[in-house]
2 protein chains.
Amino acid sequence: VVVTREDCLARDAQDPIAWLRAEFAIPDPGVIYLDGNSLGRPSNKTLARLEHVLHEQWAAGLVESWDDWITLPLRAGDALGGAFLGAAPGQVVVCDGVTTNLFKAIRAALELRPGRRVIVADPDDFPTDRYLIAEIARDRGLTIRWLSSDIDEGLTPAALAEALDDEVALACLSLVAYRSGAFLDLAAVTEQVHDVGALVVWDLCHAVGAVPIALDAAGADLAVGCTYKYVNAGPGATGFLYAASGLHADLRNPMPGWMGQTRQFAMGPTYDPDPGVRRFMTGSTPMLGVAGVDSAVETLAPAGIEALRTKGVALTELLIALHDAWLAPLGFRLASPRDAARRGSHVSLEHPQALAMSQALRRHGVVPDYRVPDRLRLGPAPAYTRFVDVYDAMLVLRDLVLAGEHLAVPEDGTVT
Amino acid sequence: VVVTREDCLARDAQDPIAWLRAEFAIPDPGVIYLDGNSLGRPSNKTLARLEHVLHEQWAAGLVESWDDWITLPLRAGDALGGAFLGAAPGQVVVCDGVTTNLFKAIRAALELRPGRRVIVADPDDFPTDRYLIAEIARDRGLTIRWLSSDIDEGLTPAALAEALDDEVALACLSLVAYRSGAFLDLAAVTEQVHDVGALVVWDLCHAVGAVPIALDAAGADLAVGCTYKYVNAGPGATGFLYAASGLHADLRNPMPGWMGQTRQFAMGPTYDPDPGVRRFMTGSTPMLGVAGVDSAVETLAPAGIEALRTKGVALTELLIALHDAWLAPLGFRLASPRDAARRGSHVSLEHPQALAMSQALRRHGVVPDYRVPDRLRLGPAPAYTRFVDVYDAMLVLRDLVLAGEHLAVPEDGTVT
């Protein structure tokens with residue numbers, strides 16, 4: 001055996017950010033939650049903050065609470081940008097959902113490269129990204145050049161080089177792949193794309209709060225992401241958009257609304273966009289979502305992204321070691337990068353009966369994720385997952401497969 | 001005096017939906033809130049529902065709560081559509097914000113009239129609508145034909161007729177005007193626009209929950225709206241989009257995401273839109289926003305829109321009568337339709353010192369709205385506003401103006 005349960009308990013005892021788990025609301029201590037990469041757990045701070053928004057700000061403060069809310073999308077953006085994105089203030093706004101922000105970012109980027117007719121995209125990217133890019137390309141008469149990414153290992157510099165030339169307007173890429181967890185080199189990819197005069201629009205959904213991101217240092221152009229995974233801001237919480245300050249003056253929001261207007265309460269006849277990133281706002285932002293982001297960053301920032309990343313690597317290394325020892329002999333295959341430096345905070349395990357196993361796991365109080373057709377996706381979020389949780393979950397998985405328990409589960413259950 | 005305080009108390013005692021006020025959280029019974037047309041008050045049901053989403057669904061249920069959430073945007077849409085929009089099931093989805101939904105609706109409608117080059121719009125419409133229409137027109141190479149609307153009385157059939165011909169692809173109109181409260185005839189306007197072969201995209205923000213709306217009966221095409229005003233779903237709560245079922249097959253979402261995909265968890269290579277209104281969904285919807293809408297409809301539906309409308313008319317009639325008696329002599333002017341049938345549930349009063357007055361009113365515990373440059377906008381939401389509240393508020397306004405109190409207030413205060 002590579003590691004014992006006692007080893008794991010010892011690692012938890014020595015974990016410098018073990019205290020962070022107590023900051024989270026965990027009404028179900030018997031559940032092992034390995035789907036924080038889909039919907040993160042709420043922190044106590046976030047629950048308290050949303051209660052405050054409901055009772056003090058909405059019910060009691062009524063419309064006057066807009067005095068606070070009106071600037072919160074930018075304040076929460078600065079907080080998120082500082083803690084997790086390597087973004088100096090004034091470049092991140094918390095507003096709308098990922099799809100809407102991705103649409104705005106891609107369309108704005110395309111206008112900066114009007115003569116170029118190609119969008120580079122990844123056929124293994126999350127569906128929304130692919131569907132959206134396809135529709136934008138159709139609408140603008142552009143061509144999509146699909147990358148040759150490896151479904152488990154992600155994109156290589158050589159595969160990217162093949163797709164790049166001076167016809168490329170932009171590449172739209174996920175920093176951490178939604179299925180495999182493959183983690184790209186932000187600075188190197190940005191530089192490689194910039195070298196042909198193109199821009200990069202980054203999707204940070206599976207990266208933000210899980211891996212260090214240094215957008216400013218990488219010279220990034222535009223980025224978007226969600227906040228309901230490793231940021232733990234709430235189900236469907238508000239997304240964010242980053243735009244490098246040097247680009248602001250030339251970025252056009254294709255979907256302008258009054259919240260992006262310079263003097264929004266003047267309600268003037270023509271749209272005069274805010275000089276900064278606020279130009280990407282549209283209408284009134286869901287304040288429960290934005291407050292969720294703000295309080296979630298407050299929860300995680302004291303731990304710091306470096307410590308979260310260190311623990312995330314250790315948790316997934318443990319998961320892979322146990323896979324190698326226990327599951328590989330049972331027909332599992334690791335479907336994520338083995339190199340920790342090239343992997344985010346989740347791991348996919350391939351097995352033909354993955355769906356049935358995910359259902360059997362839930363009956364044992366272990367919550368995994370499942371991705372069609374044959375992958376268990378396991379995300380031991382470093383903020384609240386213990387080493388012993390990973391150990392126990394892998395043990396449950398091994399034992400139920402050994403016992404053939406999953407074979408009794410119908411394959412038509414609900415999949416989320 | 002046209003009416004006494006005792007008359008108002010008597011009307012409250014006879015009000016058939018007086019019970020509805022007790023369904024709302026009113027921690028500040030001393031405050032007279034006349035800005036429900038900007039941010040509605042929360043009902044107790046809505047607060048309880050959002051607590052449930054926070055604690056039972058998110059913290060305890062975790063990702064498995066998506067089993068409920070995944071269909072809620074359509075269930076809440078059906079509930080909203082049935083209670084307030086005159087829409088049969090399957091035509092309304094609660095998702096995204098107003099700007100995003102308006103963008104999707106306008107772009108989808110334009111694709112149904114490819115040869116036509118004109119968008120008809122109202123120069124007095126809410127800024128977001130105007131900015132968005134201007135940007136879409138610029139992008140698509142279309143012309144905007146601005147209507148000659150009266151700033152106080154709204155659009156007349158004759159003014160609309162002037163703008164309509166067979167070059168018009170669509171008209172984008174607000175059913176109730178954001179400033180004056182002018183209330184159009186949904187069926188007549190729709191028919192008038194249809195008569196030239198064009199479509200109407202309705203903005204229902206200031207109408208939904210305040211006036212009866214019969215989209216299906218009017219043969220409406222597409223409509224959008226917010227839910228944080230008379231629906232009381234929460235600050236920045238999720239918006240909605242209505243699309244008539246007969247159009248679904250031909251409506252293209254210009255911003256497709258995985259939640260609009262037929263088999264969304266198959267994550268297939270190409271976008272295959274849901275056959276129904278779900279095709280207008282983008283990504284993961286803010287569940288606190290959608291649950292807010294669902295519970296808000298549950299709160300109001302037992303009263304019914306007809307009773308809410310009857311009371312809304314009575315409240316604004318009272319407000320106008322008191323204006324005529326007390327405020328007109330002090331230099332105020334009614335800046336809303338005098339005909340109740342042509343007016344929503346809010347009223348604007350014009351006065352050069354409106355800003356200072358709005359600030360002075362707040363110091364007396366009366367919360368009005370203000371719109372540049374010279375309008376007090378008063379929205380006595382029928383769900384929780386009493387006749388005596390309108391009486392008391394107008395009395396406070398009269399007396400502070402008579403005393404010249406507002407003249408001492410600096411004009412640079414915060415305006416929301």
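**Figure 1. Where chain A meets chain B: 77 residues of chain A are in contact with 77 residues of chain B.** This is a predicted model, and the view takes in the whole interface. Put together, the two chains bury about 6500 Å², and 65% of that sits on carbon and sulfur atoms. Looking for the big contributors on the chain A side? A:Trp58, A:Tyr131 and A:Met267 supply 13% of the area that chain A buries against chain B, more than any other three residues.

**Figure 2. Polar and charged pairs across the interface of chain A and chain B, with 31 residue pairs in polar contact.** That count takes pairs where both residues are at pLDDT 80 or more. On the chain A side, the elements giving two or more residues to the face that touches chain B are α2 (44-61), α3 (66-69), α5 (98-111), α6 (127-140) and α10 (287-300). Sorted by class, the residues on this side of chain A come out as 39 nonpolar, 21 polar and 17 charged.

**Figure 3. A salt bridge between the chains, B:Arg252 to A:Glu135.** The closest N and O atoms of this pair are 3.0 Å apart. The count of salt bridges between chain A and chain B is 10. Keep an eye on A:Glu135, since this residue turns up again in the next view, among the residues closest to the centre of the largest pocket.

**Figure 4. The largest pocket, holding about 320 Å³ of space.** Of its 17 lining residues, the ones closest to the centre are A:Tyr131, A:Ala134, A:Glu135, B:Thr270 and B:Tyr271. Two elements of chain A, α6 and β4 (143-146), give two or more residues to the lining. The largest share belongs to α6(A), with five residues. By class, the lining has 10 nonpolar, two polar and five charged residues. A:Tyr131 is worth a second look here: this residue is also one of the three that together supply 13% of the area chain A buries against chain B.

**Figure 5. The second largest pocket, with a volume of about 230 Å³.** There are 15 lining residues, and A:Leu155, A:Thr156, A:Pro157, A:Leu184 and A:Arg342 are the closest to the centre. Both α7 (157-163) and α8 (186-194) of chain A supply at least two residues of the lining. It's α8(A) that gives the most, with three residues. The lining splits into nine nonpolar, three polar and three charged residues.

**Figure 6. Cis peptide bonds at A:Pro373 and B:Pro373.** Most peptide bonds are trans, which is what earns these two a close-up. In chain A, the cis bond joins A:Val372 and A:Pro373, with omega at about -10°. A:Pro373 is in the loop between β12 (369-371) and β13 (375-378) of chain A. Over in chain B, B:Val372 and B:Pro373 are joined by a cis bond, with omega again about -10°. Here B:Pro373 sits in the loop between β12 (369-371) and β13 (375-378) of chain B.

**Figure 7. A positive phi at A:Asp96.** Most residues other than glycine have a negative phi. For A:Asp96, though, phi is positive, near 55°. Where along the chain is A:Asp96? This residue belongs to the loop between β2 (92-94) and α5 of chain A.

**Figure 8. The surroundings of B:Pro286, in the loop between β8 (240-243) and α10 (287-300) of chain B.** Leaving out residues up to four places away in sequence, B:Pro286 touches A:Pro235, A:Gly236 and B:Thr238. Those partners include residues of chain A as well as one of chain B. B:Leu173 is 113 residues away from B:Pro286 along the chain, and the C-alpha atoms of the two are separated by 27 Å.

Notes
Residues numbered from 1 in each chain as written. Chains lettered and ligands numbered in written order. Predicted model: local features only at pLDDT ≥ 70, side-chain atom pairs only at ≥ 80, totals over all residues. Heavy atoms only, no water. Contact = heavy atoms within 4.5 Å. Buried area = accessible area lost by both parts, 1.4 Å probe. Salt bridge = Lys/Arg side-chain N within 4 Å of Asp/Glu carboxyl O. Polar contact = N/O pair within 3.5 Å; in protein donor to acceptor, adjacent residues only side chain to side chain. Helix = DSSP H or I, 4+ residues; strand = E, 2+ residues; numbered from the N terminus. Nonpolar A, V, L, I, M, F, W, Y, C, P; charged D, E, K, R; others polar. 1 Å grid on protein atoms, 1.4 Å probe; cavity = no way out; pocket = protein on both sides within 12 Å on 5 of 7 lines; lining within 4 Å. Points joined across faces, edges and corners; volume = space filled by probe spheres on them.
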